[in-house]
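Hi,

Here is the structure I promised to pass on. Have it open while you read, and the notes underneath will take you through what turned up.

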Amino acid sequence: QNGSHPSTIVEEDEEVDEEIEVESDDNCGMESKCANDCNEINDEHVGGASAPKRGSKRTTEDTSAETEKTESLKRLEGEDEEEPWEEESLRTPDSTDDESFDFDEESESRIHDEVDDYETQHPLQQTLLSALEIFERGRAFQEASATLRKHETGDIDESQLEDIWAYYTKRSDLLLAYNTKAINKETGQYYIDDHTRLARLESQIQQEVSENGSPQISDTMARVWMYLAQYVDEIDPKKYIRLIGRILTSLTPSGLWKLTVIPQVGRDVFIKIAATNRTIVQEAELRSPATRMEHMLKYYWFQYLLTTYLDPINALNYSVSCRYTRARGVRLIPQVPLRVTEASWQKSETAVENTPPKPWQRLDIMVIPDYTHSVFVTYFVEFKSSIENENKGQQKENGTFGGMLVVRDDNRKLRPNVNEPWGNAVVAHTKVSPLSRSVVRLSFQHVPGRSYGLWHYNKGVAGSSLSVSNVCVRLLLY
């Protein structure tokens, strides 16, 4: 029908049939081969490796393919399941071992201590360049130095030099005000401790405080004044106290107010002198040359210092001089008896004449040790000797006398001497040997931190005795 020869059509049909038959034979062979492989794999999985079937041919390639299939099946069934791989960089702290994230606080603190020690020993090596240091070494300083050289050669006059240097120092002080801890690496000192700079800052603060037109001082001088007034240091806390005193001398009330309240962003800072813990007004009153004694007596610290240098009798006389001294001076409290108020000591017949003093009891009656000015000890003494003498004035000639000593008890290395002078350990004793049957009073000025004890001594002959009774203590307090 298509115009082709019949024989050609038949041949083409035969060729197509042959191709179909060949493809079907190949497919059947592949199917049978896959079935055999799957049966062998299942047999190995269930009961181990089985013998090859009859008529099948096993090669090296087939064996390796079967091994790969077996491993894949095992991985799928979970028999040989491995932990999933995870990249170290993507692991979280929870997925890692705890040991790798242990924080060694001991090592950390040791490292910080070593760094602090190094910074303490080498402060300049750890200090970065500050803005003030860059300014002092940079172009501004070179220009100011060049101006000074021109003035020496006569190229510029005095007024031009003052203007240029004033502009240079104004910028330098501004940088210092915002970094008062800046260190000059060439000298190893703080820039603010330079004597020339301190004198300039002192003069500038006094000038701005004395001006009546402005209600406050400049920001630069305000920051410098805050640093000087609030300076705190364990080694030298009163480092700038003299400079502060010179600034406060002869200031008007408005000038004192400028230095008392410093305006800051959002608030006002009330300034106190950290070295003395006094306000600006109090410090100025004490340093003013027009201050009267009445103002001085109002302060407790003045009364305290003044009475410290007075002996007990003069301190009492001073404290009754006026109403201010009565309120803030020393006062005498009532007598306090000791735990043991009487005792007697017999000197043996074989004892030598000059026997050393011996301790009796401690004076532990300090009510307020830090505020105790003086201590008075009174007692009644009586001597008895084997040599009877009606005349009491001859007792000293016969050697029958003795008494009490107040000895420091806070230092065990201090001991009274055998004879007079008693030494530094003894703080109170009678200058004249007491008589028998008389009242003796000892007094000494207390030093904070010290403790004391009562000792007795007997310089009488062998067999004599010393008796004391009615021992009382009275304190003089600030």
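Let's start with Trp225, which has 0% relative accessibility and so counts as buried, since the cut-off for that label is under 20%. One thing to keep in mind throughout is that this is a predicted model. Trp225 sits in helix α9. Leaving aside residues up to four places away in sequence, Trp225 touches Ile205, Ile244, Ile247, Leu248, Leu259, Ile262, Ile271 and Ile280. You can also look for Ala177: Trp225 is 48 residues from Ala177 in sequence, yet their C-alpha atoms are 9.2 Å apart in space.

One of those contacts, Leu259, takes us to helix α11, which covers residues 253–260. Which residues of α11 are buried? They are Gly255, Leu256, Lys258, Leu259 and Thr260. The cover over these buried residues includes the helices α8, α9, α10 and α12 (280–287), along with the strands β3 (261–264) and β4 (267–270).

Now for the hollow spaces. A search through the whole structure for cavities of 30 Å³ or more turns up one. The largest cavity holds about 40 Å³ of space. Its lining is made of Leu228, Ala229, Tyr231, Pro237, Lys238, Lys239, Tyr240, Ile241, Ile244, Ile273 and Ala275. You'll recognise Ile244, which is among the residues that Trp225 touches. Two helices, α9 (219–229) and α10 (241–248), each give at least two residues to this lining. Sorted by class, the lining has nine nonpolar residues, two charged ones and no polar ones.

The largest pocket is another place to explore, with about 490 Å³ of space in it. It is lined by 19 residues, and those closest to its centre are Glu136, Asn184, Tyr191, Asp194 and Arg197. Which elements each supply at least two residues of that lining? They are α5 (131–137), α7 (158–177), β2 (189–190) and α8 (195–210). By class, the pocket lining splits into five nonpolar, seven polar and seven charged residues.

Further along the chain is helix α14, residues 300–308, whose buried residues are Phe302, Gln303 and Thr307. If you look down the axis of α14, these buried residues fall within an arc of 120°, so they line one face of the helix. Try turning the model to that view. Among the elements covering the buried residues of α14 are the helices α13 (293–297), α15 (312–319) and α16 (323–328), and the strands β11 (372–384) and β14 (438–445).

Next, a buried lysine. Lys347 is in the loop between β9 (343–346) and β10 (358–362). With a relative accessible area of 6%, Lys347 is buried, because anything under 20% gets that label. Its C-alpha atom is 5.4 Å from that of Ser464, although the two residues are 117 apart along the chain.

Two asparagines have backbone angles worth a look. Most residues other than glycine have a negative phi. Asn277, which is not a glycine, has a positive phi of about 60°. Asn277 lies in the loop between β5 (272–273) and β6 (278–279), and at 56% relative accessibility Asn277 counts as exposed. Asn470 isn't a glycine either, and has a positive phi of about 55°. Where is Asn470, in a helix or a strand? It lies in strand β16, residues 465–477. Asn470 is exposed too, with a relative accessible area of 54%.

What about disulfides? A disulfide is a covalent bond between the sulfur atoms of two cysteines. The count here comes to zero. As for individual cysteines, Cys322 is partly exposed at 23% relative accessibility, whereas Cys472 counts as buried at 10%.

Finally, the whole chain. How many helices and strands are there? The chain has 17 helices and 16 strands. Buried residues make up 33% of its 478 residues. Of the contacts between residues at least 6 apart in sequence, 70% join residues at least 24 apart. The pair Lys347 and Ser464, 117 residues apart along the chain, is a good one to find on screen.

Have fun with it!

Key:
Residues are numbered from 1 along each chain as its sequence is written. This is a predicted model: local features need pLDDT of at least 70, side-chain atom pairs count only at pLDDT 80 or more; totals for chains, interfaces and linings use all residues. Side-chain values use heavy atoms; hydrogens and water are left out. Buried means under 20% relative accessible area, exposed over 50%, partly exposed in between (1.4 Å probe, protein chains only). Helices (H or I, at least four residues) and strands (E, at least two) are DSSP runs, numbered from the N terminus. The arc is that of the directions from the helix axis to the C-beta atoms. Contact means heavy atoms within 4.5 Å. On a 1 Å grid over the protein atoms alone, a cavity is a set of points where a 1.4 Å probe fits but cannot get out, and a pocket is an open set with protein on both sides within 12 Å along at least five of seven lines; lining residues have an atom within 4 Å of a point. Grid points are joined across faces, edges and corners, and a volume is the space filled by probe spheres set on the points. Ala, Val, Leu, Ile, Met, Phe, Trp, Tyr, Cys and Pro count as nonpolar, Asp, Glu, Lys and Arg as charged, and the others, Gly among them, as polar. A disulfide is a pair of cysteine sulfur atoms within 2.5 Å.
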